[in-house]
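Let's take a walk through this one together, stopping at a pocket and then at a pair of helices. Have the 3D view ready to turn as you read.

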Amino acid sequence: MSRERKYRREIVSFGRMLHQRGYVAATDGNLSVRLDEEHILATPTAMSKGGLREADMVIVDPAGRQVAGRRRVSSEISMHLLIYKLRPDVRGIVHAHPCTATGFAAAGIALNQPLVCEVVIGLGSIPLARYGTPGTSELCESLEPLIPHYDAILMSNHGVVTYADTLHRAYMKMETVEHFAQIALVTHCLGRQQPLGQQDLEKLLLVRSKYEGNRSIAAMPLAAPFRFPGGQHHGKAKSPARGRAARVEGEDFEFEELASGGR
């Protein structure tokens, strides 16, 4: 089997999984794989990800020009091309609208609290990019500052994009984002959060490289209080800064991130 055919099969398989899990509806979402430095294999526009066939894929060059395929390329291909440009390590990208995570994005809340150790190891922090109209340069402009530092991003009033060194790992990151969003929602409903402390996060940073299949070096957040509407705080006190501070769209506090080896 040729490498391109293998990737076509992968896109069909993961597209079907996105649809079956309810991460996309109708013709939402898109997936892509970097074939080589000059060719990107991607899902076409206006097709359900649950009904794709291998022959439906399109191939574009780094400028977004379609070079193969009988269907039309998605208008959101520019987002994929930007990620490939800024992240030479990335070979696969998944964009979807999983309900809970997209709910956080629509509420203006980033998933940046260190509540679950596996999520911290695999994804670090999941920031929220400001709103940008899909298919326009606005969306790329909002994502550009975040792409080099994270492996999953919430997009305000839009959805989620995840990326990795393989399409399989990019898809698994999407599952992790949605699962974590569901856990975070439970803590919101319970009215309290108990983030991991600085020492716990430092230990996780050390063991991150030992987890099989984990290639993430995304920034890891330190514990910070969550501010509910009305001013009530929950969680542990913020530890002294060891890394850089970043302001996340939709939040009214700053959070600190552990230095994790720059890209």
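**A pocket and a helix pair**

Helix H2 gives the most to the lining of the second largest pocket, with 4 residues. Keep in mind as you look around that this is a predicted model. The pocket itself has a volume of about 240 Å³.

So who else lines that pocket? H2 (77-86) shares the job with strand E1 (30-36) and strand E2 (39-42), each of the three supplying at least two lining residues. If you want to click through the lining, pick out Arg34, Asp36, Glu37, Glu38, His39 and Ile40, then Pro62, and then Leu81, Leu82, Tyr84, Lys85 and Pro88. Sorted by class, the lining comes out as 6 nonpolar, 5 charged and 1 polar.

Now swing over to helices H1 (residues 3-20) and H6 (residues 167-190). Their axes come within 10 Å and cross at roughly 10°. Angles under 35 degrees count as roughly parallel, so H1 is roughly parallel to H6. On the H1 side, the contact is made by Glu10, Ile11, Phe14, Met17 and Leu18, and H6 answers with Leu167, His168, Tyr171, Met174 and Glu175. The residues of this contact split into 7 nonpolar, 2 charged and 1 polar.

Stay with H6 for a moment and follow it along. This helix has 24 residues and spans 35 Å from first C-alpha to last, close to the 34 Å expected at 1.5 Å a residue. What happens just after H6? There you'll meet Gly191, which takes a positive phi of about 85°.

Terms used. Residues numbered from 1 in each chain as written. Predicted model: local features only at pLDDT ≥ 70, side-chain atom pairs only at ≥ 80, totals over all residues. Heavy atoms only, no water. 1 Å grid on protein atoms, 1.4 Å probe; cavity = no way out; pocket = protein on both sides within 12 Å on 5 of 7 lines; lining within 4 Å. Points joined across faces, edges and corners; volume = space filled by probe spheres on them. Nonpolar A, V, L, I, M, F, W, Y, C, P; charged D, E, K, R; others polar. Axes fitted to C-alpha atoms, helices over the stretch in contact; angles between N-to-C directions. Parallel < 35°, antiparallel > 145°, perpendicular 65-115°, else oblique. Contact = heavy atoms within 4.5 Å. Expected span 1.5 Å × (residues − 1).
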